[in-house]
Amino acid sequence: MGSSPACADPIDSATPISSPDERLEHFAREAIIDSVNSAIGTRDFAALDAMDERFRTSRARTPAGFWNLAIYHHQLRYRLSQNLNAATGCVSGGAQFVAQWHAASPNSPAAAIAEAALLMTEAWCTRGGGYASEVEEGAWPKFHAKMEAAANVLTEHREQASRDPQFYVMALELIRAQGMDRDEFAAVMAEATAREPAYVDIYTTAATNLLPQWGGSYIEIDALAQLAIKKSEDTEGTGIYAQIFRTLAECGCDVIAYAARWATLKQSMREVYERYPVRNNAEYFADLSCKMGDAQEGRRYIRAQHPEASGDGDFAALFDACDKQAREEQSLRVTN
């Protein structure tokens with residue numbers, strides 16, 4: 001089985017900005033990232049706790065529909081584990097910061113989650129990349145010790161930390177690292193989705209646990225995404241289905257062609273775009289539709305990217321490229 005680094009932010013804030021929509025998305029993300037970095041730099045634990053509380057209770061999203069809370073936690077984990085590598089012995093300077101945060105705010109959900117995340121990141125660093133058979137024998141005891149320490153943090157702070165859905169993301173990552181106990185996995189998912197049924201990172205982490213290399217299957221991943229629709233439909237419609245597969249793809253998991261039901265995914269994409277009609281979403285959905293062999297759906301989003309166009313003639317080159325890609329994809333599926 002392969003290693004499990006933390007997933008990168010779904011949209012890279014360093015991506016070139018070419019439209020007003022992308023500027024809005026960029027600025028929304030940068031505002032969170034800059035606030036986290038500033039609070040860490042000044043050791044403003046109250047500000048970090050306030051952000052966690054605000055993002056968690058408001059359930060606020062970026063213009064493209066990504067959870068502010070997830071960006072906040074991703075940045076915390078990234079910043080506190082910066083410069084973590086084999087050369088440093090896989091030990092982070094962030095441990096001292098987290099200890100001071102605990103001391104200043106002993107009931108902080110985010111502090112406990114950050115500590116567990118840091119320990120897990122150190123564990124994956126110790127393990128190294130590659131498959132389990134390629135890991136150096138001496139790395140395993142250190143890996144398991146770090147994961148056990150993370151488990152102890154989550155257990156000790158469970159009452160306050162579980163108010164934040166990121167707690168369950170950490171719990172699911174821990175289950176994968178410690179051997180994928182199916183009963184424990186089911187129990188965590190039941191509690192997590194009851195507490196916050198629309199938090200996408202819960203499902204993407206669970207889906208990663210269900211990848212074939214971790215003993216799962218693509219059928220189980222689709223079933224999980226279908227469950228996510230049922231759990232979150234009151235507020236999300238079917239939109240969470242597309243968000244789950246998009247985040248998995250951005251994290252390097254090429255599962256859409258194997259696990260997603262195109263009819264469901266297409267409907268979900270439409271609902272996401274109706275709610276978050278920004279160019280970034282149109283570009284992604286156009287590209288995905290063409291790759292999935294649905295040129296007509298691709299054209300829908302190509303048009304959406306340029307509302308100023310006078311007619312379909314303006315899109316001839318883009319339509320041709322999409323048609324060609326769709327034909328190639330359909331041909332590959334027939335061949336395979």
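Let me start with the loop between α1, residues 20–42, and α2, residues 45–58, which is where R43 is found. In this predicted model, the phi of R43 is near 55°, which is a positive value in a residue other than glycine. Most residues other than glycine have a negative phi, so this is a place to look at with some care. R43 is partly exposed, because its relative accessible area of 37% falls between the limit for buried, under 20%, and the limit for exposed, over 50%.

A second residue belongs in this part of the talk, and that is N83, which sits in the loop between α3, residues 68–80, and α4, residues 94–104. N83 also has a positive phi, of about 65°, although it is not a glycine. With a relative accessible area of 62%, N83 is exposed, whereas R43, as I said, is partly exposed.

Let me now step back to the whole chain. The protein has 17 helices and zero strands, and of its 336 residues, 52% count as buried. For 336 residues, a compact globule would have a radius of gyration near 20 Å, and the protein has 21 Å, which agrees with that expectation. The C-alpha atoms, taken along the principal axes, fill a box of roughly 65 × 40 × 40 Å. If we take the contacts with a separation of 6 or more, residues 24 or more positions apart account for 66% of them.

As for the surface, the protein exposes about 15,400 Å², and carbon and sulfur atoms supply 52% of that area. There are 32 positive and 47 negative charges, and the mean positions of these two sets are 2 Å apart.

Turning to the interior, which residues have the most contacts inside the largest nonpolar core? That core has 97 residues, and the ones with the most contacts inside it are L48, Y72, W101, F245 and L265. Helix α5, residues 109–127, gives the most to this core, with twelve residues. If we take L48 as an example and set aside residues up to four places away in sequence, L48 touches V36, A39, I40, Y72, L76, F97 and W101. Two of the residues on that list, Y72 and W101, are themselves among those with the most contacts inside the core.

I would like to finish with a few individual positions in helices, beginning with N281, which lies in helix α15, residues 279–291. Is N281 buried or exposed? At 0% relative accessibility, N281 counts as buried, because the limit for that label is under 20%. Leaving aside neighbours within four places in sequence, N281 is in contact with A64, R246, V272, Y273 and Y276. N281 and E22 are 259 residues apart in sequence, while their C-alpha atoms are 9.7 Å apart in space.

Helix α11, residues 218–236, holds Q226, and D234 is found in helix α11 as well. Q226, again without its neighbours within four places in sequence, is in contact with Y241, R261 and T264. For one of these partners, R261, the separation from Q226 is 35 residues in sequence and 9.6 Å in space, C-alpha to C-alpha. D234, for its part, counts as exposed, at 77% relative accessibility. D234 and N107 are 127 residues apart along the chain, and their C-alpha atoms are separated by 31 Å.

The last position is A103, which has its place in helix α4. At 64% relative accessibility, A103 counts as exposed, because that value is over 50%. A103 and F45 are 58 residues apart in sequence and 9.9 Å apart in space, measured here as a computed distance from C-alpha to C-alpha.

How values were computed
Residues are numbered from 1 along each chain as its sequence is written. This is a predicted model: local features need pLDDT of at least 70, side-chain atom pairs count only at pLDDT 80 or more; totals for chains, interfaces and linings use all residues. Side-chain values use heavy atoms; hydrogens and water are left out. A nonpolar core is a set of buried Ala, Val, Leu, Ile, Met, Phe, Trp, Tyr and Cys residues joined through side-chain atoms within 4.5 Å. Buried means under 20% relative accessible area, exposed over 50%, partly exposed in between (1.4 Å probe, protein chains only). Helices (H or I, at least four residues) and strands (E, at least two) are DSSP runs, numbered from the N terminus. Contact means heavy atoms within 4.5 Å. The radius of gyration is taken over C-alpha atoms; the globule rule is 2.2 Å times the number of residues to the power 0.38. Accessible areas come from the Shrake-Rupley method with a 1.4 Å probe; for residues, only the protein chains shown count as cover. Lys and Arg count as positive and Asp and Glu as negative; His and the chain ends are not counted. The place of a charge is taken as NZ of Lys, CZ of Arg, CG of Asp or CD of Glu.
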